[in-house]
Amino acid sequence: MRQVRLSPEVMVDPGAVLAALSDPLLVVDFDGNIRFANSAAEQFLQQSTPLLCRQKLKDLLPFGSPVLSLVAQVQIEGTTVSEYGIEIGTPKMEAQIVDVKVSPLFDQPGSVVLRFDPRGMAEKMDRQLTHRGAARSVVGMAAILAHEVKNPLSGIRGAAQLLEQNAATGDRELTRLICDETDRICALVDRMELFSDPRAVAMGPVNIHEVLEHVRKIAQTGFARHIKMVERYDPSLPPALGSRDLLIQAVLNLVKNAAEAVGDQPGGEIILGTAYRHGVRLATRAGGESTKLPLEVSIQDNGSGIPEDIQPHMFDAFVSGKPKGTGLGLALVAKIVGDHGGVIEFDSRPRRTVFRLLLPLHDIGPEVAP
Ligand SMILES: Nc1ncnc2c1ncn2[C@@H]1O[C@H](COP(=O)(O)OP(=O)(O)OP(=O)(O)O)[C@@H](O)[C@H]1O
Ligand SMILES: [Mg+2]
């Protein structure tokens with residue numbers, strides 16, 4: 001195996017580096033023969049390297065596997081393609097949902113490297129489908145609350161107002177308290193009603209930068225007045241397919257969380273970013289056409305980071321790490337992104353938390369790179 005000199009003292013064997021990587025990797029040549037498998041791939045596919053290297057990829061995977069068409073696409077186009085949530089199963093291994101990234105090997109035309117990520121976005125997707133389930137249960141609950149709670153509440157509020165007229169000064173404080181608290185419950189029910197909006201979302205072309213600028217203005221004149229906001233936009237980003245109002249609502253919730261995480265600390269900063277990601281796709285569970293999600297919107301803050309115990313349930317309704325939080329913000333964001341056919345992911349450690357929305361393009365004929 002050819003060695004690479006990193007510095008006068010260090011020689012590195014690229015094969016040893018590949019073998020040491022914990023992600024399963026395969027190299028497939030022009031004719032579809034498997035030429036290399038690292039030890040993570042041996043474990044993942046439950047076959048030894050010599051055995052794998054005697055097979056063609058099409059013999060390893062089931063007929064019609066989307067991985068084969070990904071490889072063919074990369075061989076033709078010569079650019080990297082990732083697809084999230086593909087089901088991989090071989091006669092020797094149980095089916096799993098993984099992310100697959102296929103990249104061309106430039107010094108060997110037609111050869112490609114496949115990287116499998118069994119724990120990546122696929123897992124996040126699974127979590128997200130659960131979040132959608134959680135959102136659905138909120139939908140049902142919101143409808144019940146609207147009926148069963150709001151009506152009696154307005155009765156209680158009206159009665160308290162009547163009492164207030166004849167109450168002694170000391171008691172007025174109590175009737176005020178009843179009014180204020182019933183108002184608070186009404187506001188909460190109103191927020192939950194957003195989940196139960198039964199109208200189908202009207203989707204059209206949306207300029208993401210206009211959405212971000214709108215949110216930035218709201219934030220900078222209100223809750224994030226004291227926080228520096230930075231824009232890192234890809235100016236050539238094409239329009240998304242979505243609903244402007246709903247996307248504003250989603251981004252606003254994310255920016256509000258970011259501002260609350262930053263708090264009053266000096267040097268607090270929120271970075272709004274956009275990027276075009278070629279080759280990001282989401283496999284549909286039914287095995288049909290995959291959805292392209294090339295538009296990335298990111299909201300990054302340098303605040304406290306998300307408490308670890310909250311992270312697995314963060315998109316569920318009523319999960320909050322704040323003393324006065326209702327825990328509805330992220331549940332609503334997950335519902336909105338899901339209604340757009342998109343994906344939300346996050347990455348958090350103290351002083352660096354990023355939420356990324358991956359959204360579909362408003363298709364205007366064949367995909368044109370911006
Ligand atoms: N950018 C962030 N940095 C740190 N923690 C975060 C961030 N975003 C969300 N969180 C954590 O996730 C929890 C859930 O957020 P979510 O927006 O759903 O509810 P909330 O902000 O507590 O209440 P609400 O948005 O309904 O007022 C938060 O309480 C917070 O602990
Ligand atoms: Mg919130």
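A residue is taken as buried when its relative accessible area is under 20%, as exposed when that value is over 50%, and as partly exposed in between. In the predicted model described here, Gln311 has a relative accessibility of 17% and therefore counts as buried. Gln311 belongs to the loop that runs between strand S14 (295–301) and helix H11, and a polar atom of its side chain is placed 3.1 Å from the backbone oxygen of Ile306.

For the protein chain taken as a whole, 11 helices and 16 strands are assigned, and 43% of the 370 residues are buried. Of the contacts between residues at least 6 apart in sequence, 62% connect residues that are at least 24 apart. The area exposed by the protein chain amounts to about 19600 Å², of which carbon and sulfur atoms supply 56%.

The space taken by ligand 1 is the largest pocket, and the shell around this ligand is made up of 22 residues, among which Asn257, Ser320, Gly321, Lys322 and Thr326 come nearest. Helix H10 (244–262), helix H11 and strand S16 (352–359) each supply at least two residues of that shell, with the largest share, 4 residues, coming from H10. Polar atoms of the ligand are paired with both side-chain and backbone atoms of the protein, as the following distances show. A nitrogen atom of ligand 1 lies 2.9 Å from an N or O atom in the side chain of Asp301, whereas an oxygen atom of ligand 1 is found 2.4 Å from a polar side-chain atom of Thr326. On the backbone side, a polar atom of Leu330 is 2.8 Å from an oxygen atom of ligand 1. Of the 600 Å² of accessible area that ligand 1 has on its own, 94% is covered by the protein.

His340 is placed in the loop between helix H11 (329–339) and strand S15 (343–349), and because its relative accessibility is 6%, this residue counts as buried. The side chain of His340 reaches the backbone oxygen of Ile336 at a distance of 2.8 Å. When neighbours within four places in sequence are left aside, the residues in contact with His340 are Met203, Leu241, Gly242, Ser243, Leu246, Leu247, Leu359 and Pro360.

A further position considered is Glu193, which is part of helix H8 (residues 169–193) and, with a relative accessibility of 29%, counts as partly exposed because this value falls between the limits of 20% and 50%. Not counting residues up to four places away in sequence, Glu193 touches Ala142, Ala146 and Lys150. With respect to Ala146, the separation of Glu193 is 47 residues in sequence, while the distance in space from C-alpha to C-alpha is 7.2 Å.

Backbone torsions were also examined. Most residues other than glycine have a negative phi. Gln46, although not a glycine, has a positive phi of about 55 degrees, and this residue is located in the loop between helix H2 (39–45) and helix H3 (49–52). A positive phi, of about 75 degrees, is likewise found for Arg351, which is not a glycine either; Arg351 occupies a place in the loop between S15 and S16.

How values were computed
Residues numbered from 1 in each chain as written. Chains lettered and ligands numbered in written order. Predicted model: local features only at pLDDT ≥ 70, side-chain atom pairs only at ≥ 80, totals over all residues. Heavy atoms only, no water. Buried < 20%, exposed > 50% of the residue type's maximum accessible area, 1.4 Å probe, protein only. Polar contact = N/O pair within 3.5 Å; in protein donor to acceptor, adjacent residues only side chain to side chain. Contact = heavy atoms within 4.5 Å. Near = heavy atom within 4 Å. Areas by Shrake-Rupley, 256 points an atom, 1.4 Å probe, with all protein chains shown as cover. 1 Å grid on protein atoms, 1.4 Å probe; cavity = no way out; pocket = protein on both sides within 12 Å on 5 of 7 lines; lining within 4 Å. Sits in = over half its atoms within 2 Å of the grid points.
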